[in-house]
Amino acid sequence: MPVEDKVQTLRSLVSLLSNAVEVISREWEIKDQNPEHRPFLPSADLHHARQTIVGACGMLMSLVQEPHHRLMETALQYYSSRALHVAVEARLADILAEADPELGMDSKTISVRTGIPQHNLAQVLRPLCSMYIFKEIKPGYFANNETSGQMVNDEPFRSWLLVHGLTIYTASTKLPAVLFDTGKIQGRSSTRTAFQEALGTDLSFWEYLEQDTQPSDGTKKARREVDTFTLAMVGGGRVHSTPLYADYPWESLGDGTLVDVGAGVGGMSLDLAKQFPRLRFVLQDRPSVISGAEAVWKRELPHMISTNRVQFMAHDFFADQPVKGASVYLMRYIMHDWPDEQCITILSKLRDIMGPHSRILAVDQILHPTVGSAYLNPAPAPLPPNYGHVQLLSHMRDLNMLALFNGMERTPEDFASLAERAGLKMVKIWECRSTMGIAEMRRNDAP
Ligand SMILES: C[S@@+](CC[C@H](N)C(=O)[O-])C[C@H]1O[C@@H](n2cnc3c(N)ncnc32)[C@H](O)[C@@H]1O
């Protein structure tokens, strides 16, 4: 890029930043005066200002940082993730919450509480302090800040962070090997992925989770990941899905029936049932999962069970769908687990029994490439249409799906193509104040 263009880009970014800073300051003041504030639902203005600032900072770094340094930092990025994993595993945020936030806790005490040698603690914590995830008050004294404070006493969110550092992390180490093995990648099988390669198994991720471990004493134990994963879906759902409840017209469904396909414990349905009490629900998943779902609903919303407003059904989403003509077939975090061919089968099974007013709502990351999408609102120049850095989480989850399932996060165009191949049409991408969105599909012959 010629120097004059670079300078112009820098100046334009600073101008974007200073406008967005005004919006954020105003929004922070409003939040300060509003005790009803919901942390996971930013106003539309705050959401856009955040995206602009994160995007602009990312682009500024790319313009000014020495390129070799930036590439090396990226090459070693997995240690950021490892350091966070150690902190989460050790429940550091909970431990630091016991300290006076002004004074912090000394590394000797933290060492005794966590079992991490004192001389290694600072090595783990300091990179996290440099990323503003914890703070060091004075040499060897650490405390929570606003970011680490979000992990305190929040077991579902902690599980959401934790699962990404367990088996899922192990799977990621074999991604290069699988990508360079043309036999495997061309196979496009959901059971010949980096996950199977790394864990030395032929089982799918789901089957593996269900398989008991056999420790040396001969007893059988459920894998640790089973409970962590179930709770993680609740924690991740809460963080990323809250805006979806505000940005889709759920109220207009009245007392319609929502079939939660591959529901897990039905985390999204539970939230919807609390906010839209007229809706009825059918939760479907594999037999072992659906029995766990019923226990959760009994605890959280027992009246939904006693009034028959929720049903629990063991169902394989590759088989014929028994619930015909429902208002909504909801699939949160399902499409991204599967390669295209399997997604088309899942969608076709729904298409077969949908009525003219039925809709499929596929809830996933909506990938927005740097070159933009005809379906999505572009960022202001000179940012790339997708706001650049803002998309990192979606791209990482995309690679995660590749490593675990040969799956993927999808662009709106990808969703439209899947819909067309399954005899459906994509009617709208609902852009929500989240990294996630909703792809709405109907039968291709629907009015
Ligand atoms: C990523 S989880 C998402 C769970 C839930 N939709 C949520 O958002 O919390 C994917 C779910 O798909 C389920 N699943 C996998 N294969 C399935 C199949 N063949 N039929 C039905 N459910 C399946 C898993 O058991 C798991 O609960």
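# Contacts, burial and ligand shell in a predicted model

User: Which residues does Phe40 contact, leaving aside its neighbours within four places in sequence?

Analyst: This is a predicted model: local features need pLDDT of at least 70, side-chain atom pairs need pLDDT 80 or more, and totals for chains, interfaces and linings use all residues. Residues are numbered from 1 along each chain as its sequence is written, and side-chain values use heavy atoms, with hydrogens and water left out. Contact means heavy atoms within 4.5 Å. On that basis, the partners of Phe40 beyond four places in sequence are Arg238, Val239, Thr242 and Pro243.

User: What distance separates the C-alpha atoms of Phe40 and His240?

Analyst: Phe40 sits in the loop between helix H1 (3-33) and helix H2 (44-64). His240 belongs to helix H15 (residues 224-247). Helices (H or I, at least four residues) and strands (E, at least two) are DSSP runs, numbered from the N terminus. The two residues are 200 apart along the chain, yet their C-alpha atoms are separated by 7.6 Å.

User: Is His240 buried or exposed?

Analyst: Buried means under 20% relative accessible area, exposed over 50%, and partly exposed in between (1.4 Å probe, protein chains only). Phe40, at 30%, is therefore partly exposed. His240 has a relative accessible area of 12%, so the class is buried.

User: Which side chain makes a polar contact with the side chain of His240?

Analyst: A polar contact is a pair of N or O atoms within 3.5 Å; within protein, one must be able to donate a hydrogen and the other to accept it, and residues adjacent in sequence count only if both atoms are side-chain atoms. Beyond four places in sequence, His240 touches residues including Tyr333, Leu393, Arg397 and Ser434. The polar contact, at 3.2 Å, is with Trp160.

User: Against which helices do the buried residues of H9 pack?

Analyst: Helix H9 (residues 155-163) has seven of its nine residues buried. Trp160 is one of them, as are Phe157 and Leu162. At the N-terminal end, a side-chain oxygen of Asp154 caps H9, 3.1 Å from the backbone nitrogen of Phe157. The buried residues pack against H4, H10, H15 and H20.

User: Which residues touch the most other members of the largest nonpolar core?

Analyst: A nonpolar core is a set of buried Ala, Val, Leu, Ile, Met, Phe, Trp, Tyr and Cys residues joined through side-chain atoms within 4.5 Å. The largest core holds 72 residues. Those touching the most other members are Phe134, Phe205, Tyr329, Met331, Leu347, Ile360 and Met441.

User: How many residues make up the second, separate core?

Analyst: Phe134, from the largest core, has contacts that include Leu92, Leu96, Leu125 and Met151. The second core is separate, and includes Val296, Met304, Trp430 and Cys432. Its residue count is 32.

User: Which residues are closest to the ligand?

Analyst: A residue is near a molecule if one of its heavy atoms lies within 4 Å of it. The ligand is surrounded by 17 residues. The closest are Gly262, Asp285, Arg286, Asp316 and Arg332.

User: What percentage of the ligand's own accessible area does the protein cover?

Analyst: Polar side-chain atoms lie 2.6 Å from a ligand oxygen for Arg332 and 2.9 Å from a ligand oxygen for Arg286. A backbone N or O atom of Phe317 lies 3.0 Å from a ligand nitrogen. Areas come from the Shrake-Rupley method with a 1.4 Å probe; for residues, only the protein chains shown count as cover. Of the 590 Å² that the ligand has on its own, the protein covers 94%.

User: Which side chain pairs with Arg410 in a polar contact?

Analyst: Arg410 lies in the loop between H20 and helix H21 (412-421). Its relative accessibility is 1%, so Arg410 counts as buried. Its side chain reaches the backbone oxygen of Trp338 at 2.9 Å. The side-chain partner, at 2.8 Å, is Asp340.

User: What is the phi of Asn308?

Analyst: Most residues other than glycine have a negative phi. Asn308 lies in the loop between helix H18 (302-306) and strand S6 (310-314). At 63% relative accessibility, Asn308 is exposed. Its phi is positive, at about 60 degrees.

User: Where does the cis peptide bond from Ala381 lead?

Analyst: Most peptide bonds are trans. Here omega is near 5 degrees. The residue reached lies in the loop between strand S8 (359-365) and helix H20 (392-405). From Ala381, the cis bond leads to Pro382.
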